[in-house]
Amino acid sequence: MSEHIVKSYEQELAGLDDKISQMGGLAEQLVGEAFDSLASHNPARARATVASDATIDLLHRELEEQVILMIARRQPLANDLRQVISVLKVAGELERVGDLAKNVAKRAQAISGETHPKGLLTGLQHMTDLASRQLKDVLDAYAARNPERAMQVWRQDENLDAVYNSVFRELLTYMMEDPRNIGLCTHLLFVAKNLERIGDHTTNIAETVTYMTRGSLPEGERPKGDLTSSTLMSGPIR
Amino acid sequence: MDMRPDPLIMMTTQAQAPTTTPTKVAAKNVNVYYGAKHALKDVSVDIPEKSVTAFIGPSGCGKSTFLRCINRMNDTVASCRVEGLIQIDGKDIYDPALDPVQLRARVGMVFQKPNPFPKSIYDNVAYGPRIHGLSKSKVELDQIVESSLRKASLWEEVKDRLNDSGTGLSGGQQQRLCIARTIAINPEIILMDEPCSALDPIATARIEELMEELRHNFTMIIVTHSMQQAARVSQRTAFFHLGILVETGSTSDIFTNPTDKRTQDYITGRFG
Amino acid sequence: MTDITAGGVSPPIRRVEFETAESKARLRRRYRSEARFKAYGIAALVVAAAFLFALLSSIVMRGIPGFFQHYLVADVLVDAAKIDPEGKGDAATLRAGDYTAVARAALAEAIPGVEGRQLKRELNGLLSSGAGDALREMVVADPSLVGQRVKAPLLLADEADVFLKTSGTKIRVISDTRGIATPSATTGEISILVGANDFADDVALVKAELKALADSIDETIARRKARGATVESLADLEREATELRRRHAAAATSERLDAKTASRLVAINGGLVKVKEMTPTLVKGEVIIPLKSTADAAPGTWEIRVYETPESNRNLNDRGLAFLEELKAKGLVESQFNFAFFTRGDSREAELAGIQGALVGSILTLLVTIGLCLPIGVLAAIYLEEFAPKNRITELIEININNLAAVPSIVFGLLGLAVFLNFFGMPRSAPLVGGLVLALLVLPTIIIASRAALKSVPPSIREAALGVGASKQQAVFHHVLPLAMPGIMTGTIIGMAHALGETAPLLMIGMIAFIVDVPSSLTQAATVLPVQIFLWSDLPEPAFKMKTAAAIIVLLAVLFLMNGLAIWLRKKFERRW
């Protein structure tokens with residue numbers, strides 16, 4: 001891609017990408033930290049994690065302002081227009097990711113006193129790893145303008161959904177076994193749901209990357225593995 | 001950069017945005033030479049009826065040249081030679097049997113700089129109908145003048161001073177007067193060669209509003225340097241570069257997702 | 001892509017300084033240089049204006065008297081015997097009458113008693129040969145005047161007229177005479193005896209004049225010798241000087257007066273005596289105006305009049321001058337605006353010469369010129385500018401039109417002589433041929449001016465016309481030509497002014513002939529204003545010099561009018577876009 005005749009325009013566009021990668025890095029970190037603070041029963045770490053979400057929000061606001069200014073001043077067209085709009089959307093998604101991670105960290109604070117069965121956390125650990133990798137991959141795809149890689153992320157979200165399904169069932173089982181687990185498990189259920197939502201946001205980013213690079217959204221339905229909305233367990237398992 | 005336009009891409013582009021309206025102007029393999037200079041190379045394009053088609057491209061890319069081929073204005077340039085086929089309603093306009101003067105009565109033109117005749121506003125509008133004998137009486141001529149000025153949304157501003165000189169109007173009014181003069185002879189096609197380049201944004205907006213109204217009755221082709229203007233007023237856009245028609249397509253496609261890299265580079269301000 | 005950061009050798013960065021002495025000096029230099037340039041421009045303008053002013057004022061000063069003429073306005077007896085002896089009373093007879101005789105009779109009445117052929121001729125010489133013309137017109141217009149007395153302006157001859165206009169000599173009058181003067185007779189050669197030494201001063205003055213004359217001759221001789229003149233060629237002058245010195249030195253009480261010294265006249269007893277010889281107490285001389293008696297004149301009743309300019313340096317001799325002074329003293333001489341200047345043709349007599357013939361000749365010539373030039377020039381320009389293909393042939397034509405504009409006008413005269421007169425056998429000196437030649441001369445100017453005017457019409461107007469479906473011809477004739485018309489008109493008028501002032505080519509086709517009649521057709525012999533000026537400027541009479549300047553004023557006025565018309569047209573019809 002040849003450069004813009006107006007250099008500052010080029011720099012501004014590059015600046016948007018820089019901010020996105022900064023935001024992405026922060027979001028990634030936040031997801032990891034949030035789960036770690038949960039797993040390690042460390043309320044102080046969880047508090048720090050909650051606090052660092054504010055940075056993402058700030059970056060998001062800055063990006064929005066920059067995008068609005070650029071539309072007013074440069075009237076971007078074609079791929080530039082798509083990039084600018086994509087930045088706006090991706091920033092929104094990342095901000096949501098940050099919020100979800102913050103929510104995980106809050107729940108980590110709430111359940112830090114409880115002891116939870118070890119087996120429960122392995123599923124969540126798996127989810128966190130998957131979500132983090134998806135997020136990292138889609139941000140790489142964004143930075144490299146690589147729609148194939150983005151589409152890979154898009155399709156792989158199914159795996160995260162599958163793990164979520166099993167975690168969901170597992171938590172339901174615990175709750176049915178012993179009603180004293182309900183409080184803890186409900187929190188963990190939300191943590192799992194948050195991680196699943198983060199995966200959904202990565203697919204949205206992946207779609208945006210496709211639009212940004214190809215000018216069109218991916219065709220067809222995204223493969224989905226989240227069956228929890230239609231799952232109902234009645235009575236204790238015998 | 002010396003990439004030939006890929007006919008496959010062009011075909012797919014057109015296929016992606018099929019014209020629902022019938023074709024008014026069809027050009028096939030049009031080549032234009034100014035002396036030894038090859039100004040326009042193998043241009044083929046279909047222009048749909050009753051819509052606005054914008055020609056964009058850097059200076060000297062041949063868009064004005066092509067525009068002037070459509071009403072044979074290039075005939076007045078001695079060194080200019082036009083090859084290929086240009087049809088209006090399926091009839092070759094370079095047919096030797098066709099009189100270019102009559103053609104120009106069917107294909108009106110509005111120019112870059114507002115160029116009203118240094119006569120009264122009335123005479124400016126009445127000139128075309130007079131020389132073509134379009135009115136049988138003074139009353140009829142008055143009606144033509146009024147309706148043309150109304151269509152050009154100038155009537156309210158000038159109705160009390162029809163006998164004032166047309167050159168005394170403001171730039172935007174002059175340009176609308178020129179449009180009124182053009183539509184007074186009821187052409188089928190109106191060519192506009194950068195009609196707003198000498199106007200301020202408000203006057204430009206008036207002309208653009210006018211084009212939006214006129215496109216329901218006329219086939220309009222506009223050459224413009226303002227990409228935003230092309231994006232605002234046209235339904236289809238054609239991008240010319242170095243005498244080649246690089247890409248044509250629906251305006252929304254061209255400005256959000258152009259097929260050709262050169263188009264993209266041009267409209268995003270990356271030309272190098 | 002800017003090259004600000006480009007590699008390679010980068011020069012040291014220097015900024016414009018405001019405070020250093022060097023920069024202040026540079027600034028001062030810049031201002032000085034600008035002021036100097038403005039001063040040069042103003043000086044050039046002032047010099048040009050001064051030249052123009054000097055030229056115009058000199059012409060006006062010389063020319064204004066040419067528009068006036070002195071007349072003897074006397075009571076004239078329209079003597080039937082001289083005009084209509086048979087009493088027919090028809091216009092032809094009245095027109096053929098001898099009005100000169102009537103005028104002379106009136107003059108004789110004004111200064112009665114003049115005797116001798118010589119003196120009478122001198123007296124009648126004051127009147128022009130056309131003195132009776134005004135009277136003739138009056139009588140023809142009103143036949144009842146025959147036999148009546150009328151007050152009519154009688155034209156004075158050019159010598160008298162010029163003398164009055166230029167106040168030819170200073171007249172010194174010595175009226176405080178001390179002795180009683182006794183004339184010996186009333187007419188003829190007489191002597192006047194004076195009781196006191198009234199003439200002593202004048203005799204001394206005459207001797208001083210003689211000495212001055214001798215000195216000036218000596219100076220001339222010395223100058224000539226210095227330039228290497230032979231002694232023989234100077235012999236006459238030396239003899240003359242010697243003679244003058246002898247007269248100056250001679251103690252003789254009697255001194256002869258001649259044409260080289262101031263003239264002296266004695267006015268006594270109502271008559272006038274021109275002094276030929278004088279002693280302090282006795283003068284001998286010739287009576288010009290008869291004395292009424294030979295009675296003694298008391299001191300103070302008679303006077304000596306000294307015409308300071310020697311007779312040989314004047315156009316009007318002592319007698320004429322004496323008569324003229326007498327007429328003036330009687331209040332019979334009047335200066336009137338010379339309408340005849342515009343209504344008469346050329347004449348050998350300066351006071352009768354007018355410019356009507358030349359004016360009409362000029363008008364006829366210009367009519368032919370404009371009649372040919374305007375259509376041909378404008379059509380040629382339109383074709384070349386709007387329709388002609390741009391190729392070698394049109395380029396060649398263009399270059400040659402430009403070349404033609406630079407051809408000396410005399411060449412066109414020669415061409416006219418060879419083609420129109422010798423080949424086509426057209427009449428010589430005719431306005432038709434003059435017009436043809438001037439048309440050739442002006443055509444390139446008009447074509448160039450018209451093309452420039454057409455070119456200055458913006459192409460957008462043509463495009464606009466073509467854009468609404470006008471044909472090329474309609475575009476040109478409906479839009480381009482009307483817009484170019486002021487320019488074309490301006491060019492044409494300037495071209496016509498050029499033609500009006502042109503002399504050389506007309507000389508070649510014989511329009512330089514002396515033509516008295518006002519031309520009434522295109523083929524009659526005629527002359528034009530500038531040629532008339534050229535002809536007059538060649539004539540020796542001072543009256544013609546005045547007429548020349550007056551005719552130049554008329555020519556300039558016409559030219560200014562034409563240029564003014566051109567400017568007016570341009571301003572009125574000029575359009576801006």
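## Backbone turns, a surface patch and the B–C interface

H41(A) is partly exposed, with a relative accessible area of 31%. The label follows because a residue counts as buried under 20% and as exposed over 50%, with partly exposed in between. The model discussed here is predicted. H41(A) sits in a loop of chain A, between helix α1 (7-39) and helix α2 (43-74). The backbone at this residue has a positive phi of about 50°, although H41(A) is not a glycine.

R145(A) also has a positive phi, here of about 55°. R145(A) is not a glycine either. This residue lies in the loop that runs between α4 (118-144) and α5 (147-177) of chain A. Its relative accessibility is 29%, so R145(A) counts as partly exposed.

Chain C carries a nonpolar patch on its surface. Five residues make this patch: V60(C), I64(C), F68(C), F337(C) and F339(C). The patch covers about 440 Å². One of its members, I64(C), is located in the loop between α1 (21-63) and β1 (68-77) of chain C. I64(C) has a relative accessible area of 39% and is therefore partly exposed. Patch residues must have over 30% relative accessible area, and I64(C), at 39%, fits that condition.

Chains B and C meet at an interface. On the side of chain B, 20 residues are in contact, and they face 16 residues of chain C. The two chains bury about 1,700 Å² between them. Carbon and sulfur atoms account for 63% of this area. Three residues of chain B, namely F117(B), P118(B) and Y127(B), supply 30% of the area that chain B buries against chain C. No other three residues supply more.

Polar interactions also link these two chains. Six residue pairs are in polar contact between chain B and chain C, counting pairs with both residues at pLDDT 80 or more. Three elements of chain B each supply at least two residues of the side that touches chain C. They are helix α3 (100-106), strand β6 (107-110) and helix α4 (121-132). The count of salt bridges between chain B and chain C is one. R68(B) and E463(C) form this salt bridge. Their closest N and O atoms are 2.8 Å apart. The pair qualifies because the cut-off for a salt bridge is 4 Å.

Notes:
Residues are numbered from 1 along each chain as its sequence is written. Chains are lettered from A and ligands numbered from 1 in the order in which they are written. This is a predicted model: local features need pLDDT of at least 70, side-chain atom pairs count only at pLDDT 80 or more; totals for chains, interfaces and linings use all residues. Side-chain values use heavy atoms; hydrogens and water are left out. Helices (H or I, at least four residues) and strands (E, at least two) are DSSP runs, numbered from the N terminus. Buried means under 20% relative accessible area, exposed over 50%, partly exposed in between (1.4 Å probe, protein chains only). Patches are made of residues with over 30% relative accessible area and no salt bridge: like charges are joined within 9 Å, nonpolar side chains (Val, Leu, Ile, Met, Phe, Trp, Tyr) within 5 Å. Accessible areas come from the Shrake-Rupley method with a 1.4 Å probe; for residues, only the protein chains shown count as cover. A salt bridge is a side-chain nitrogen of Lys or Arg within 4 Å of a carboxyl oxygen of Asp or Glu. Contact means heavy atoms within 4.5 Å. Buried area is the accessible area (1.4 Å probe) that two parts lose on being put together, summed over both. A polar contact is a pair of N or O atoms within 3.5 Å; within protein, one must be able to donate a hydrogen and the other to accept it, and residues adjacent in sequence count only if both atoms are side-chain atoms.
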